[in-house]
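Me: I'm new to reading protein structures and would like a close look at a single part. Could you walk me through the metal site and then show me a few other spots to compare with it?

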Amino acid sequence: MSEGRILPITRWGEPVMHEVTEPVTSFDEELHQLVADMFATMEAAEGVGLAGTQVGRNLSIFVYDCPDENQVRRRGVVCNPVTVVPEGRDRNMESAEEGCLSFPGAYQPLARPDKATCTGQDEHGNPVTVVGTGLLARCLQHETDHCNGTVFGDKLSSRVRRKLDEQHAELVKLYPDDWPVTPKLKRHEL
Ligand code: NI
């Protein structure tokens, strides 16, 4: 596997972002290269999670590099993720600002369960289980949603979605079309 390459991040509105993905079935060199590229792209964009759809691939996979509620940094890859959240009395909703690298510049509060358990396979096809709290719980839910063709804007009320759209419209010009291949502009560079 060569070093990861930074890929352009696909934006909301591209069909691949809004369709259910295909499962990962080949845990081969090509997949390992994709994983390396996704880590490089996530790091360049300063994200905590990145799904395959966000680099234009109709494939059920995400990478993450994200702190949990104890500020412990957790990093990994999940293929074919299934995420479950507590039900009933065990469920605690937490509202926090959420954003998406595929809709850059915009953040709005979204309530989600504060704990999530994600199961799937690693890049070699071995079973993995990731139990997430804090930001990692949000990340696991957000990235699994991407694998199912859902973006977090779909989960907002129409009023909050409007605010998100306005924020994005104002700040999107800081992000070149091939960002993060071309870095984000500084405001004074506009
Ligand atoms: Ni996202």
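Reply: Here is a walk around the metal site, followed by a few other spots. Keep in mind that this is a predicted model.

Start at the nickel ion. The protein gives it three donor atoms: SG of C100, NE2 of H142 and NE2 of H146. These atoms lie 2.1 to 2.2 Å from the nickel ion. If you trace the donors along the chain, you get the spacing C-x41-H-x3-H.

Now zoom in on the two histidines. H142 and H146 both sit in helix 2, which covers residues 134-147. They are 4 residues apart, or about one turn of the helix. Both of these histidines are buried.

For something on the outside, head over to R187. You'll find R187 in the segment that comes after helix 3 (158-171). Its relative accessibility is 63%, and the cut-off for exposed is over 50%, so R187 counts as exposed. R187 also has company: together with K173, K184 and K186, R187 forms a patch of positive charge on the surface.

One last stop is Y64, which belongs to strand 2 (residues 61-67). Why does Y64 count as buried? Its relative accessibility is 6%, and buried means under 20%, so Y64 falls in that class. You can also relate Y64 to E123: the two are 59 residues apart along the chain, and 13 Å separates their C-alpha atoms.

Notes: Residues are numbered from 1 along each chain as its sequence is written. This is a predicted model: local features need pLDDT of at least 70, side-chain atom pairs count only at pLDDT 80 or more; totals for chains, interfaces and linings use all residues. Side-chain values use heavy atoms; hydrogens and water are left out. Donors are N, O and S atoms within 2.8 Å of the metal (3.2 Å for Na, K and Ca); water is not among the atoms, so sites may look incomplete. Buried means under 20% relative accessible area, exposed over 50%, partly exposed in between (1.4 Å probe, protein chains only). Patches are made of residues with over 30% relative accessible area and no salt bridge: like charges are joined within 9 Å, nonpolar side chains (Val, Leu, Ile, Met, Phe, Trp, Tyr) within 5 Å. Accessible areas come from the Shrake-Rupley method with a 1.4 Å probe; for residues, only the protein chains shown count as cover. A salt bridge is a side-chain nitrogen of Lys or Arg within 4 Å of a carboxyl oxygen of Asp or Glu. Lys and Arg count as positive and Asp and Glu as negative; His and the chain ends are not counted. The place of a charge is taken as NZ of Lys, CZ of Arg, CG of Asp or CD of Glu.
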